[in-house]
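Here is a short report for a first look. Keep the sequence and the 3D view side by side as you read.

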Amino acid sequence: MKITVLGCGTAALDERKHESAYLLEHNSKCYLFDSGAGTVYQLLKRGVNVIEIDSIFYTHFHNDHINDLPAIMWSNNTHALPRTKTLNIYGPNGLKEYIDILSNEKNCRYARHLLRRGIFRLFLA
């Protein structure tokens, strides 16, 4: 088991500390806990593509914990490496409404398509 701190900062941006995000790698699975701003960059810097993430767990909806969710959703829109496995997204009540808002945006039509196909699955606390 390997835990990587991708970010442990606050909503006040700081070039030395990215916003909250933790990567747990265990038995060939990748679990992401929160995804504050800069998470996708931090993952790529460590050689982890977002399509490798199996599940994301959101603790709450403060921006410094969920800012990169739209970037993660958009990153699954690549045609070179399309997501083929399910991404399970766990979070508190209100997660479905939050995802609905993000996937209704014109630029996230593919995310809406993945939701319909069951590639993105939501689990509420």
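## Helices and strands

This predicted model shows a protein chain with five helices and six strands. Starting at the N terminus, the order is β-β-β-α-β-α-α-β-α-α-β. Three strands thus open the chain, because the order begins β-β-β. A strand also closes the order.

## Burial, contacts and surface

The protein chain has 125 residues, and 40% of them count as buried. Look next at contacts between residues at least 6 apart in sequence. Of these, 60% join residues at least 24 apart.

The accessible surface of the protein chain is about 7100 Å². Carbon and sulfur atoms account for 55% of that surface.

## Cysteines

How many disulfides does a search of the whole structure find? The result is zero. A disulfide is a covalent bond between the sulfur atoms of two cysteines. Such a pair counts only if the sulfur atoms lie within 2.5 Å.

Are Cys8 and Cys30 buried or exposed? Cys8 has a relative accessible area of 47%, so Cys8 is partly exposed. Cys30 has 9% relative accessibility, so Cys30 counts as buried. The cut-off for buried is under 20%.

## Aromatic pairs

A search of the whole structure finds four aromatic pairs. One of them is Phe33 with Phe57. Their ring centres are 4.8 Å apart and their planes meet at 15°, so this pair is stacked. The cut-off for stacked is under 30 degrees. Phe33 sits in strand β3, residues 29-33, and Phe57 in strand β4, residues 55-57. The two are 24 residues apart, so the pair links distant parts of the chain. Phe33 is partly exposed at 30% relative accessibility. Phe57 is partly exposed too, with a relative accessible area of 25%.

Phe57 also pairs with Tyr90. This pair is stacked, at 4.6 Å centre to centre and 10° between the planes. Again, distant parts of the chain are linked: Phe57 lies in strand β4 and Tyr90 in strand β5, residues 87-91. These partners are 33 residues apart. Tyr90 has a relative accessible area of 27%, so Tyr90 is partly exposed.

## The aromatic cluster

Which residues form one aromatic cluster? The members are Tyr31, Phe33, Phe57 and Tyr90. Within this cluster, Phe57 takes part in two stacked pairs, one with Phe33 and one with Tyr90.

Definitions and conventions. Residues are numbered from 1 along each chain as its sequence is written. This is a predicted model: local features need pLDDT of at least 70, side-chain atom pairs count only at pLDDT 80 or more; totals for chains, interfaces and linings use all residues. Side-chain values use heavy atoms; hydrogens and water are left out. Buried means under 20% relative accessible area, exposed over 50%, partly exposed in between (1.4 Å probe, protein chains only). Helices (H or I, at least four residues) and strands (E, at least two) are DSSP runs, numbered from the N terminus. Contact means heavy atoms within 4.5 Å. Accessible areas come from the Shrake-Rupley method with a 1.4 Å probe; for residues, only the protein chains shown count as cover. Rings of Phe, Tyr and Trp (its six-membered ring) pair if their centres lie within 6.5 Å; planes under 30 degrees apart count as stacked, over 60 as edge-to-face and the rest as tilted.
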